[in-house]
Amino acid sequence: MIWRHLTSAIGLAALVFIGCADDKAAEPPPEVRDSDTTVDPPEVDLGTPADETDATESTDPATPAADASSGGSAVLRGKFVYDGKAPEPAKLAITKDQEVCGPASPVDESLVVGPDGGIANILVWVRSKDVVSESPEGNAVLDNHGCRFEPHVLVVHTGQQLEITNSDPIGHNANVTTVINPAVNSSVPPAGNYTISFSKEERMPAKVSCGIHPWMTGWVLVSDDTYNAVTNDDGTFEISGLPLGQELEFQVWQEKAGFLSDVTVEGGEAWSRGRFTKTFDGDVDLGVVKVSPSAFE
């Protein structure tokens, strides 16, 4: 009897266990969220990054490097020579302060020709009015030295200070006969100096003279820009910083000849009234400009 009841209990428990198992298997799976299934990606070796400077530099030969040598401007150069036998400079008559001016032996500088035929003190400047340039630094200096003006020909920028000095042990006088600007006439004592400036451009070089020593002469060109030059003792000159792509007219002047037109330019170029034009896409060399002796007669 007891065994029968125990067998029945065991069977009933087995049925209950099987039913519970079937009910759990029939339940839907729990909801799955994206965050629960996030998987870190595997590490990938991308290699060593290239140097940033390598990415900006190109070795492609089809891409030329920029030409920085000109700096966006051009240079005009040339050399003026006397086309004949160079004349000997004439000695000047010293009529005052012989003890100082006599030993200095100043000569006529209206035409200075070097041993190789180069002509000094020729002025070359841009005549065009639509050009601008930076003002030069420092003062322009005109000295009374050896009973002559040094330098003999000088360029001064408008607004720039012109300092007139006296290195001689005697007094001098500097009379700058400008036309557009007020003329200047002032005495300069030994070791003395004074400064002046000009507000407007002069169309022509202004003569400088000394009222005490009449043989002393010099010339000053007052210009709005710095596109000008005075030939050296060997006749060479150079004007730098000229704007590219712009047609410019140049003026050439010499004290004794005036506007210099009786010249032979390499390539057969002809000048009228000492003027010529150039358009710059780079530096220009006029070469040797031969000046006929008849230009100074």
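# Strands, cores and two buried residues in a predicted model

User: H157 is found in which strand of this predicted model?

Analyst: This is a predicted model. β5 covers residues 153-157. H157 is found in strand β5.

User: Is H157 buried or exposed?

Analyst: The cut-off for buried is under 20% relative accessible area. H157 has a relative accessible area of 7%. H157 is therefore buried.

User: Which backbone oxygen lies 2.6 Å from a polar atom of the H157 side chain?

Analyst: Leave aside neighbours within four places in sequence. H157 is then in contact with S133, E134, S135, P136, S223, D224, D225 and T226. The backbone oxygen at 2.6 Å from a polar atom of the H157 side chain belongs to D224.

User: What distance separates the C-alpha atoms of H157 and A140?

Analyst: Along the chain, H157 and A140 are 17 residues apart. A140 falls within strand β3, residues 140-144. The C-alpha separation of H157 and A140 is 8.5 Å.

User: In what order do the five strands of the open sheet with β5 run?

Analyst: The sheet is open and its pairing is mixed. β5 and β11 pair in the parallel sense over five bridges. β10 and β11 pair in the antiparallel sense over four bridges. The order is β5-β11-β10-β7-β8.

User: Why is one side of β5 and of β8 left without a neighbour in that sheet?

Analyst: In the order β5-β11-β10-β7-β8, β5 (153-157) and β8 (184-188) stand at the edges. One side of each is left without a neighbour because each has a single partner strand.

User: What does the twist average from one strand to the next in the sheet β5-β11-β10-β7-β8?

Analyst: The five strands form an open sheet. From one strand to the next, the twist averages 20°.

User: Which residue is the bridge partner of V156 in β11?

Analyst: β5 and β11 run parallel, paired over five bridges. On the β10 side, A206 has V220 of β11 as its bridge partner. For V156, the partner in β11 is V222.

User: Why is β11 largely enclosed by the rest of the structure?

Analyst: Strand β11 spans residues 217-223. It is largely enclosed because six of its seven residues are buried.

User: Which residue of β8 is the bridge partner of H172?

Analyst: β7 comprises residues 172-176. β7 and β8 pair in the antiparallel sense over five bridges. The bridge partner of H172 in β8 is V188.

User: What is the order of the open sheet of four strands?

Analyst: Its pairing is mixed. The edge strands are β4 (149-150) and β9 (193-197), each pairing on one side only. β3 and β6 run parallel, joined by five bridges. The order is β4-β3-β6-β9.

User: Which residues of the largest nonpolar core touch the most other members?

Analyst: This core has 31 residues. β1 (73-82), β2 (123-126), β13 (236-243), β14 (247-254) and β18 (284-291) each supply at least two of them. A second, separate core has 25 residues, including I170, V176, Y194 and M216. In the largest core, the residues that touch the most other members are L76, F80, L242, F250 and W271.

User: Where is Y227 placed, and is it buried or exposed?

Analyst: Y227 sits in the loop between β11 and β12 (228-230). Its relative accessible area is 7%, and the cut-off for buried is under 20%. Y227 is therefore buried.

User: Which residue's backbone oxygen does the Y227 side chain reach at 3.3 Å?

Analyst: Beyond four places in sequence, Y227 touches residues including V124, V132, I239 and G241. Y227 and V124 are 103 residues apart in sequence and 8.5 Å apart in space, C-alpha to C-alpha. The backbone oxygen reached at 3.3 Å is that of G241.

User: Over which residues is the pLDDT below 50?

Analyst: The mean pLDDT of the protein is 82, and 76% of its residues reach 70 or more. Where pLDDT is low, the predicted coordinates should not be read in detail. The stretch below 50 has two contacts in the model beyond near neighbours in sequence. That stretch is residues 1-70.

Definitions and conventions:
Residues are numbered from 1 along each chain as its sequence is written. This is a predicted model: local features need pLDDT of at least 70, side-chain atom pairs count only at pLDDT 80 or more; totals for chains, interfaces and linings use all residues. Side-chain values use heavy atoms; hydrogens and water are left out. Two strands pair if DSSP finds at least two bridges between them. Helices (H or I, at least four residues) and strands (E, at least two) are DSSP runs, numbered from the N terminus. Axes are lines fitted to C-alpha atoms, for helices over the stretch in contact, and angles run from 0 to 180 degrees between N-to-C directions. Buried means under 20% relative accessible area, exposed over 50%, partly exposed in between (1.4 Å probe, protein chains only). A nonpolar core is a set of buried Ala, Val, Leu, Ile, Met, Phe, Trp, Tyr and Cys residues joined through side-chain atoms within 4.5 Å. pLDDT is the predictor's confidence in each residue, from 0 to 100. Contact means heavy atoms within 4.5 Å. A polar contact is a pair of N or O atoms within 3.5 Å; within protein, one must be able to donate a hydrogen and the other to accept it, and residues adjacent in sequence count only if both atoms are side-chain atoms.
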